[in-house]
Amino acid sequence: MTSRRTILKTAIVAAGFAVAGLNAAVAEELNTLKEKGVIRIAMSGAYPPFNFVNDQNEVVGFDPAVGTEIAKRMGLEAEIVTTAWDGIIGGLLANKYDAIVGSMTITAERDEVVDFVGPYYSDKRAIFTQPGSDIKSLADLEGKKVGLTLGETHEDWAREKGYDINTYKGLPELLLELENGRVDAIVNDSIAAILAMTAKEQEFAMFDDPDTKPFGAGIAIREGSPELAAEMQKALDSMMEDGTYVALAEKWIGADIR
């Protein structure tokens, strides 16, 4: 049977072929962005505290702060764009925006269709339940309802494990479903979930996936622009060297998460 990962990969590659002519015409995008003076940066807007929409309808959080600072150091203005996570790479390949700074895990599959800058932070997969739950390990997830964000790497992992899953648009929905008992557990990057539940005073229990090593979150850009990648990496490195990165991490996350 064709796996969901293969289907997704095929769809992404197809999208890449569809815009191949356009990408070839602007193989190196740095000069084009410099001429425009603006870089469009995408994220879901549904992953607090990394990126979310505040009461003033502004997209804020660690991701837009990092993206905006990188743009500033490149002499560019950042335009933040929100889009559904499960189609975010397709949107990048279709030139709807110029980069993804949205807590995207760097994976071999994604690296085949986009280029990555970074990583700019690291995290690990964790499983969250309500306090007092009888789910204490991965084995206990068998036969339980598991909630995940649609399009995240955790979804592929859960499907390969054969778990009974429900998918949602973002972390806020996941937390609500867990709190209301519509799922027995949720799977997410540990930092974002811990901070979000702590902020809303939602009680939880958790354990790590013992088989998964920490992973890096990177900035995705279209392939074929090494000068753009180098300029963005230079800006990111300078942020980490002069203390700006730590200041932003402390503000939004409460710790240095490199």
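Here is a short chat about a cavity and a helix in this predicted model.

Visitor: How much space lies in the largest cavity?
Guide: Counting cavities of 30 Å³ or more gives one. The space in the largest cavity comes to about 140 Å³.

Visitor: Which element gives the most to the lining of that largest cavity?
Guide: The lining has 16 residues, and Tyr47, Trp85, Gly102, Ser103 and Glu152 are the closest to the centre. Elements that give two or more residues are β2 (46-47), β6 (99-105) and α7 (153-161). With four residues, the one that gives the most is β6.

Visitor: How many residues of that lining are polar?
Guide: Let's split the lining of the largest cavity by type. Four residues are nonpolar and four are charged, while the number of polar ones is eight.

Visitor: Over to helix α10: how far apart are its end C-alpha atoms?
Guide: α10 covers residues 226-242, so 17 residues at 1.5 Å each should span 24 Å. The model agrees with that, as the end C-alpha atoms are apart by 24 Å.

Visitor: What arc do the buried residues of α10 cover around the axis?
Guide: Buried here are Leu228, Ala229, Met232, Ala235, Leu236 and Met239. In an α-helix there are 3.6 residues a turn, so residues three or four places apart point the same way. The buried residues of α10 lie on the same side of the helix, because their arc is only 130°.

Visitor: And which exposed residues sit on the face of α10 turned away from the buried side?
Guide: Exposed means over 50% relative accessible area. On the face of α10 turned away from its buried side, the exposed residues are Pro226, Lys234 and Glu241.

Visitor: Which residue follows α10?
Guide: Its phi is positive, near 95°. The residue is glycine 243.

Conventions
Residues numbered from 1 in each chain as written. Predicted model: local features only at pLDDT ≥ 70, side-chain atom pairs only at ≥ 80, totals over all residues. Heavy atoms only, no water. 1 Å grid on protein atoms, 1.4 Å probe; cavity = no way out; pocket = protein on both sides within 12 Å on 5 of 7 lines; lining within 4 Å. Points joined across faces, edges and corners; volume = space filled by probe spheres on them. Nonpolar A, V, L, I, M, F, W, Y, C, P; charged D, E, K, R; others polar. Expected span 1.5 Å × (residues − 1). Buried < 20%, exposed > 50% of the residue type's maximum accessible area, 1.4 Å probe, protein only. Arc of directions from axis to C-beta.
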